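Open your viewer, set a cartoon style and get ready to select a few things in turn. This tour goes stop by stop and tells you what to look for at each one.

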2 protein chains.
Amino acid sequence: MHSLHPLFHPSSVALVGASSDPERIGGRPLRFMLEGGFEAPIYPVNKSGDTIQGLRSFRSVSEIPHPVDQAVICVPVPGVEAAVRDSIAKGVRAIQIMTAGFAEIDAEGRALQARIAALCREAGVRLLGPNSLGLLNVPTRFFSTFSTALNGLKPRPGSIALATQSGAFGSATYGMASLRGLGFSKIVATGNEADVDVAECIDYLVDDPETRIICAALESCRDGVRLRRALCKAAQAGKPVLIMKVGRTEAVAAAASTHTGSLAGNDVVYDTVFAECGAWRPQSIEEMLDIAYAFSVRPALPANADIGIVTGSGGIGVLMADEAGERGMALPPLPPAGREAALALLPFAVASNPLDMTAQVTSVPQGVSRSVATMLDHTSWGTVFAYLAHVGLSPARFAGTQSELIAVARNHPDRRLVLVMLSTPEVNRALEAEGIVAFEDPCRAVRAMAALATLAKRRESLMPQSGPEVLPRPRIGLTGIDTEDGAKRALAAAGLPVLPERLCTSAGDSAEAARAMGFPVVAKIVSPDITHKTEVGGVMLNLHDVEAVSAAHEELMARARRLRPQARLEGVLIAPMLRGGVEVILGVHRDPTFGPMVMYGSGGTAVELFQDVAFASAPLSPARARQLLERVRSTRLLRGWRGAPACDEAALVSALCRLSEFAAAHADEIESVDINPLVVRPDGAACLDAVITLRAGAAEPKQAAHAH
Amino acid sequence: MHSLHPLFHPSSVALVGASSDPERIGGRPLRFMLEGGFEAPIYPVNKSGDTIQGLRSFRSVSEIPHPVDQAVICVPVPGVEAAVRDSIAKGVRAIQIMTAGFAEIDAEGRALQARIAALCREAGVRLLGPNSLGLLNVPTRFFSTFSTALNGLKPRPGSIALATQSGAFGSATYGMASLRGLGFSKIVATGNEADVDVAECIDYLVDDPETRIICAALESCRDGVRLRRALCKAAQAGKPVLIMKVGRTEAVAAAASTHTGSLAGNDVVYDTVFAECGAWRPQSIEEMLDIAYAFSVRPALPANADIGIVTGSGGIGVLMADEAGERGMALPPLPPAGREAALALLPFAVASNPLDMTAQVTSVPQGVSRSVATMLDHTSWGTVFAYLAHVGLSPARFAGTQSELIAVARNHPDRRLVLVMLSTPEVNRALEAEGIVAFEDPCRAVRAMAALATLAKRRESLMPQSGPEVLPRPRIGLTGIDTEDGAKRALAAAGLPVLPERLCTSAGDSAEAARAMGFPVVAKIVSPDITHKTEVGGVMLNLHDVEAVSAAHEELMARARRLRPQARLEGVLIAPMLRGGVEVILGVHRDPTFGPMVMYGSGGTAVELFQDVAFASAPLSPARARQLLERVRSTRLLRGWRGAPACDEAALVSALCRLSEFAAAHADEIESVDINPLVVRPDGAACLDAVITLRAGAAEPKQAAHAH
């Protein structure tokens, strides 16, 4: 049994701070549960009064002469700790604290919250909150919340679960969903997350047989590992997670951190992790509900991202095709046999995809349903849309077509059929009962189904949470990585391609090294104390003979001694001068929530001007590394751009994998790695410059940054 | 009086093809008008029967013993021409043809349509259609349409006008709007546009006092000048035009052209023209209706793009701020006095922007309205949003806040107040009556208001349709522009910066030219028959002395003679070899609908990889040229990128203006101009290569394309 079970399924509940006034915060949960018909025993606890809303009341939890499985606490802050101790002493398995005024307020609140969390942890009691709006188990009518959204909108059972940190966000979603007629399995607001967080709720909801799709919202995430694992578990179980994370822009991230008292992670990292772990990140509550609706009607992802459109209006068909194209869905052409069949049915049709039935459809018996059937019969497209204008507003007139479409849908149980039309709620309910989705706005229909198709694709390439791809990696000694030379040696040891360079301590040494590797060469000053080599004229390119190399060695040392007299000079690095190839940037960034993220982008100006970079969690398998390449537009430059020979992508993929393994093995030590550039040529790749920065407090010196 | 007045306001109507069956196409318009109470005389015309739906019927229009102002024709195709002749003979001022089967079907249909259009034109009769779904003048209940959308949804009067080509698109929009309770002034579907097109309808609707905002949809546009003029007229009149144009993607444009039988214009050109002419291009019908709703409630654009957010939920506030940031709206910080006032009211508030009232607001009298008032009082932000959860679902409880908010709004008549909440239609109607907009979804609210703010900005920089900026430009002789040399001479004559180059016909000539301009130089073969100079080794760079130049001249001529023996060789172009600076691309493309469009983009790979280009209609004023620069990200490269000196933007702006004037003056002759690259340096700019292509059939040889 999941350890959150007692929180969602209490066998009895004490309501500490219960109020006789059904409008007050302490009165609402009791009222909602009494009105809803929660069947387990409820014990109001309140210092004054023997009866509360018709139930016998107690002065403390310990006074209750029956077993108590869960305590819901909404007394003011000063009474909370005592109530928790009292509840633990009574033997509860779970506690909800609705009271606000803890870590979100000040240091004192943080300390109190930590004390209460420790009490619960020691007692093996699960804690929701504090500052939680509560939770709902809709089928059991355990409506343990003080949200006023329940005043006008009764919870309706359904297969959508909702887990949010913010109660207000949860209420907003609940309200909008309820007005649309959507039903829920469980709803939970985790508040300050002293113990239970959204990630663990997702983990629980994956196991919940009443839940088929999970809506979630985060303002922050403190345990990236847990969140990743929960999302992947959901994807594997075929339960999509639609997870919002507000604070998309930087300015806004500041506002979120004011609000939640916790650091908002890097937004692009959230995008990356959600995608890797098979989740979808909606940009609005409405989008989230559209997708949840489409899935809850028929809990199956589309078999592929191909779509067909049957339409009574050419213009609307094109509008939907536009939207589909922008969302990554393909509209393959109708196969010849399908075209023939469509034209046999409707000679004036535009028998393409979209299939425009034209006004002729109204004069052909079963014209609509046979057109839809034709498209389904002659293709294997995952989703077929039918745009039917406003037919659903006249249920009597539509009844025939409706039955026919239901029969068509039954004949194609592995396909998704989506109607776009204006209709009455009754018509929609009848269609939904048969797994047919109905949308009013053509573009919203396409967007929702595109999200489900994307989720299907993501599910196929889930980031592995265990298994051979996540083997422990060998660690490498990191001593001396505070220079370019040292950083490159570490990367070479990790398996990245590095040129046959040599750190030389005399002019003769340099000349000899250059002769051995062949001209021309590059010479660079090496010092852990010189951050920007160019500032001291520390790089000399294109040296063509031994004289030039000797002179360069002396000159580089002299310049450095003159301009940085205190710097420890380790010598001069002699490296072959490489020409041609395409420059890319590889990097590692340690995200505070999700650990080492690998970055890949184009060299030149594309990163800065166009943000043409992509991230992925370390470590990377070759398949995931190749996916990373596809997410950067400049990768096209590697593939024979303007007649240039194609570059060695395998070498790039290998470099990404080795870098990611290095980053994963040293996740606790490394703050960042910058390989700028890695040059990729038709016959391999090479790191031309590298900087590794260690985490503050790790074994090595705090920071080392180098550049050409 | 506008010439479309008789179409929208007939003083009497003959319905040719009227049917006794109120469900048939010929019966519906009559039924809708009788049910609606259209007050002008209606004369059914039908070969059989004396009475139709209770009205006396006639066998032909000429038989009607009263004046007839408009004829609405829905007889089958073979009878249409006779009905038109009959109507013209009777003296109608306007004709609608609902019958389909004309230009959209085949050549015969096109010929018939052209004949009918000519008849009307000669008679001075305005023609709507053929293949039109009809039109509605809602206030007069002139419901001349056979759209079944009117079966269930009665037209509601309002200030939104709707003009579409496609009747189905119009019906879809009408249906969705009606379900939301939105009302219309006029609705028209132009169909095949043999005479009246959407642009002219927009022009008419700008003059219509009952219309405040215009929704439109195009599948194609045959008269770009008329459309531009209508859009600008609307913007100047303060009547926003929300204009959809389907066929955003190329694959899709093919489908649209199948559908409409007319060429879809270049999509990015539509974007450009709509923006220049002060219109907004919605991506979905729902978005269009959101904006129309927000404007119709209060027909004023926001005074600026600054917004404030008052929220009861930190998370929703951040969500809205995210959306606003992505839509180009700014959230300035709350000024100190505003912060103080907010904290005086609600000590626990996060007194920032968003202003998070926190749960404390529920315990402070008039907390919500005073928070909103505080923000309005202390700022001049054009739009203030208030997120109020689900308060509007309890009208009785909300009544107080509602009155207070209405009072606040009245105190700030020049500001836009937008509530985001769940509420009943009655609550919304009451707020809307006071100019307060109410949305359910936070993101949709922000998007709609962002569109209005953008429209306000666009209105300030409308493309001039006349006046000093659109003076006639001097024309330049275009003889000889079929070589690089000739193209550059034409551009120089037009005022663009060209280096002091010389076309040389002997090696000695070349050497002399090089000596005169200074070394190093570039030498290029010049021939109207050599399209790609690099293919014949026709460019030699970096020539440092007279010997090298002489040799290069001979070598270039020899290569060309060897590889292109038939080519006419004009000689060798000697030009200074320029180093440094930033390369950009300027171009002109003649759009078949909108005429010459100027293109500006970055040199290098940014155009191809990132579509980092922008277009503008020619001619350009300096102000519009500067706006064009702002729409290209790579423009940052000109502004001191990575420590480089800033380039001469004024020279670039001047080059854009001169090029645009040249393009405008020669709009009938020039197909395209490509200046690739124009190099911009700290001290000026220069066209390094140029190709001008004339239109097929223009005075000059058909085509000339050149490249380095």
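Two strands count as paired if DSSP finds at least two bridges between them. Helices (H or I, at least four residues) and strands (E, at least two) are DSSP runs, numbered from the N terminus. With that in hand, a first selection: strands β20 and β23 of chain A, where β23(A) covers residues 571-576, are antiparallel and joined by 3 bridges.

Before going further, some housekeeping. This is a predicted model, where local features need pLDDT of at least 70, side-chain atom pairs count only at pLDDT 80 or more, and totals for chains, interfaces and linings use all residues. Residues are numbered from 1 along each chain as its sequence is written, chains are lettered from A and ligands numbered from 1 in the order in which they are written, and side-chain values use heavy atoms, with hydrogens and water left out.

**Stop 1: the antiparallel sheet of chain A**

Stay with β20(A) and pick A:Arg502, which stands opposite A:Ile574 in β23(A). Now widen the selection to the open sheet of 4 strands, in the order β20-β23-β21-β22 (chain A), with antiparallel pairing. Which strands stand at the edges? They are β20 (502-504) and β22 (539-543) of chain A, each with a single partner strand, so one side of each has no neighbour in the sheet. On average, neighbouring strands of this sheet are turned by 25° against each other, direction ignored. Add helix α20(A), residues 546-563: this helix packs on the sheet and touches β20, β21 (521-526), β22 and β23 of chain A, a contact being heavy atoms within 4.5 Å. The direction of α20(A) makes about 170° with that of β22(A); axes are lines fitted to C-alpha atoms, for helices over the stretch in contact, and angles run from 0 to 180 degrees between N-to-C directions.

**Stop 2: chain A as a whole**

Zoom out to chain A, which has 23 helices and 29 strands. Its C-alpha atoms fill a box of roughly 95 × 80 × 40 Å along the principal axes. Of the 708 residues of chain A, 60% count as buried, where buried means under 20% relative accessible area, exposed over 50% and partly exposed in between (1.4 Å probe, protein chains only).

Next, select A:Leu652 in helix α23(A), residues 649-665. Is A:Leu652 buried or exposed? At 0% relative accessibility, A:Leu652 counts as buried. Beyond its neighbours within four places in sequence, A:Leu652 contacts A:Val584, A:Leu586, A:Tyr600, A:Leu629, A:Leu638, A:Leu678 and A:Val680.

**Stop 3: the parallel sheet of chain B**

Move to chain B and show the open sheet of 5 strands, in the order β2-β1-β5-β6-β7 (chain B), with parallel pairing. Its edge strands are β2 (42-45) and β7 (126-128) of chain B, each pairing on one side only. From one strand to the next, the twist averages 15°. Inside this sheet, β5(B) (residues 70-73) and β6(B) (residues 94-97) run parallel and are joined by 4 bridges; B:Gln70 has B:Ala94 as its bridge partner in β6(B).

**Stop 4: a helix pair in chain B**

Select α3(B) (residues 77-90) and α4(B) (residues 107-123), whose axes come within 10 Å and cross at roughly 5°. The two helices are therefore roughly parallel to each other, the term for angles under 35 degrees. Show side chains: among the residues that meet are B:Val77, B:Val80 and B:Val84 in α3(B), and B:Leu112, B:Ile116 and B:Leu119 in α4(B).

**Stop 5: two covered strands in chain B**

Go to β14(B), residues 307-311, where 5 of its 5 residues are buried. B:Ile307, B:Ile309 and B:Thr311 lie on one side, B:Gly308 and B:Val310 on the other. β14(B) pairs in the parallel sense with β17(B) (residues 383-387) over 5 bridges, and B:Val310 stands opposite B:Ala386. A parallel pairing over 2 bridges also links β14(B) to β16(B), residues 355-356.

Then take β28(B), residues 684-687, which is covered on both faces. β28(B) forms a hairpin with β27(B), with 2 residues between them, and B:Val680 has B:Ala685 as its bridge partner.

**Last stop: both chains**

Show both chains: a rotation of 180° with 0.0 Å of shift along its axis superposes chain A on chain B (RMSD 0.1 Å), by least squares on the C-alpha atoms of residues with pLDDT of at least 70 in both. That is the relation of a two-fold axis.

Key: Angles under 35 degrees count as roughly parallel, over 145 as roughly antiparallel, 65 to 115 as roughly perpendicular and the rest as oblique.
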